[in-house]
Amino acid sequence: MRSDTVDHKIKIEEDLSKTSRLSNLNSIPVRTWSRLGVNDISVDEVLQDGSVKYPLVLPRQKKENRLASFTAMSGEVNENSLWKSFSYEGVGKKASMQALEQYNTGFYLETKPGEKGTDPVRINYFLEEGMPVIDNNAILVKAGSEVTIIVDYESRDGRKGFHNGLTRIYCEKDATLNYIVIQKLSEESTHLGACAAKLEENARINYILVELGAKYGVTNVQADLQGKQSEANLHTVYLGDKDRVIDMNYRINHYGRETRSGIEAKGILLDRCNKIFKGTIDFKKGAVKAVGEEEEYAVLLSDEVRNRSVPILLCTEEDVSGQHAASAGKIDKNRLFYLMTRGFSEAEARRLIIEAAIRPMIDRIPERSIQAAVYEEIRRKLRNEQ
């Protein structure tokens with residue numbers, strides 16, 4: 001038995017070593033014209049060796065959290081039948097294989113049934129050059145409980161970091177999870193982030209994703225609304241500058257009756273940034289009276305950016321309601337002129353208009369200190385753009 005396990009790990013390492021380049025990432029569920037370049041993405045980076053073990057950074061809390069158990073990811077948890085039941089490729093098969101089998105850090109959080117936490121659980125991953133972070137995380141939100149989790153990925157400017165992460169979430173009946181991910185990696189770094197969730201009856205998950213850094217930022221989120229009246233809401237704010245590549249692929253699958261979903265993304269694109277947004281709402285057979293909506297809007301501050309959006313609605317059930325929209329535009333000159341006549345410089349007026357557009361998303365973050373850090377990072381990048 002032990003020999004089989006060793007052979008399995010060797011096979012995984014061999015499979016990963018064959019990859020010279022991260023290719024065919026973030027495939028959309030229904031392919032379109034290849035010439036559009038949105039079916040998947042390839043980046044000039046390789047999967048980094050994750051053999052170095054990292055000590056897990058425990059959540060920063062004002063007081064002891066008695067409402068949830070928080071431990072480092074272990075083989076026992078990783079092999080549990082609940083988590084093994086997740087059939088999810090994430091950003092790509094090889095990246096997911098690495099996160100599941102070669103992770104060097106990660107956490108497992110389980111709430112207590114019926115308990116509702118008020119203080120967010122804070123988790124921080126700090127990337128150092130030459131020390132890739134491969135994190136494998138699992139969250140079990142027990143029946144009737146509610147918890148807020150904030151995960152922060154960051155690194156020093158001028159340092160090249162590598163992150164490949166996978167998070168699996170299971171929400172039991174009447175459970176609520178507020179899951180917030182802040183990505184502020186350096187402009188030399190690579191970020192591969194994947195998250196899959198399953199929800200039972202009347203469970204709810206509220207995502208807030210803030211994508212502000214990394215040379216290559218590839219994210220994938222999937223939520224399966226299995227139980228009746230379960231709900232998933234996804235709010236994303238992104239900022240792309242210089243030659244960054246941003247690829248976001250979100251998918252919400254409606255299985256249960258009267259399920260609800262919402263995808264909302266707003267972003268700012270500068271310089272020569274290349275961004276692709278792919279949002280899919282899939283109404284499966286049996287999802288009677290399900291409702292899903294998605295909307296994406298990008299503010300373009302340069303004529304050299306490349307902005308592509310692919311909102312998708314899939315349906316095999318008749319009695320459902322789905323809406324989707326994607327748009328992009330430059331700053332309204334009349335609004336800009338109005339603010340400048342009130343004494344603001346052009347740069348200040350532009351910043352105010354941009355912040356007004358994304359403020360409703362950022363203000364959903366429950367911690368003021370994190371809100372302030374996000375605004376400061378956005379202002380710093382906008383100052384560099386002037």
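**Two open sheets and the helices beside them**

At the start of helix α5 (residues 333-341), a side-chain oxygen of D332 comes to within 2.8 Å of the backbone nitrogen of N334. After α5 comes G343, whose phi is positive, near 105 degrees. These details belong to a predicted model, and the confidence of that prediction deserves attention before the rest of the fold is described.

The protein has an average pLDDT of 88, and 91% of the residues score at least 70. Confidence is highest in strand β12 (residues 216-225), at a mean of 98, and lowest in helix α1 (residues 2-17), at 48. Two stretches have a pLDDT below 50. Residues 1-6 form one of these stretches, with zero contacts in the model beyond near neighbours in sequence. Residues 16-20 also fall below 50, but this stretch has eight contacts beyond near neighbours in sequence.

Two open sheets can now be taken in turn. One is built of nine strands, in the order β3-β4-β6-β8-β10-β12-β14-β16-β18, with mixed pairing. Its edges are formed by β3 (68-72) and β18 (306-315), each of which pairs on one side only. From one strand to the next, the twist averages 5 degrees. In general, strands of a sheet pair through backbone hydrogen bonds, in either a parallel or an antiparallel sense. Within the nine-stranded sheet, β14 (residues 245-254) and β16 (residues 274-283) pair in the parallel sense over ten bridges. In this pairing, V245 stands opposite N274 of β16.

Helix α4 (residues 93-101) lies across three strands, namely β6 (133-141), β8 (162-171) and β10 (190-199), and runs at about 75 degrees to β8. S96 is a residue of this helix. Is S96 buried or exposed? Its relative accessible area is 7%, under the 20% limit, and S96 therefore counts as buried. Leaving aside residues up to four places away in sequence, S96 touches Y88, E89, G90 and V91.

The loop between β5 (121-127) and β6 contains M131. With a relative accessible area of 34%, M131 is partly exposed. Beyond residues up to four places away in sequence, M131 touches V52 and Y54. The C-alpha atoms of M131 and K53 are 9.3 Å apart in space, although the two residues are separated by 78 places in sequence.

Strand β5 leads to the other sheet, which has eight strands in the order β5-β7-β9-β11-β13-β15-β17-β19 and parallel pairing. Its edges are β5 and β19 (321-329); each has a single partner strand, so one side of each is left without a neighbour in the sheet. Neighbouring strands of this sheet are turned against each other by 5 degrees on average, direction ignored.

Several successive pairings can be followed in the eight-stranded sheet. Strand β13 (residues 231-240) pairs with β15 (residues 260-269) in the parallel sense over ten bridges. Which residue of β15 is the bridge partner of T236? That partner is A265. Helix α6 (residues 346-362) packs on this sheet, touching β11 (204-211), β13 and β15, and its direction makes about 145 degrees with that of β15. Strand β15 also pairs with β17 (residues 291-300), again in the parallel sense and over ten bridges. Here S261 stands opposite G292 in β17. The pairing of β17 with β19 is parallel as well and extends over nine bridges. E293 has Q323, in β19, as its bridge partner.

The cysteines complete the description. A disulfide is a covalent bond between the sulfur atoms of two cysteines. How many disulfides does the structure hold? The number is zero. C273 is buried, with a relative accessible area of 0%, whereas C315 counts as partly exposed, at 46% relative accessibility.

Notes. Residues numbered from 1 in each chain as written. Predicted model: local features only at pLDDT ≥ 70, side-chain atom pairs only at ≥ 80, totals over all residues. Heavy atoms only, no water. pLDDT = per-residue confidence, 0-100. Helix = DSSP H or I, 4+ residues; strand = E, 2+ residues; numbered from the N terminus. Contact = heavy atoms within 4.5 Å. Pairing = 2+ DSSP bridges. Axes fitted to C-alpha atoms, helices over the stretch in contact; angles between N-to-C directions. Disulfide = S-S within 2.5 Å. Buried < 20%, exposed > 50% of the residue type's maximum accessible area, 1.4 Å probe, protein only. Polar contact = N/O pair within 3.5 Å; in protein donor to acceptor, adjacent residues only side chain to side chain.
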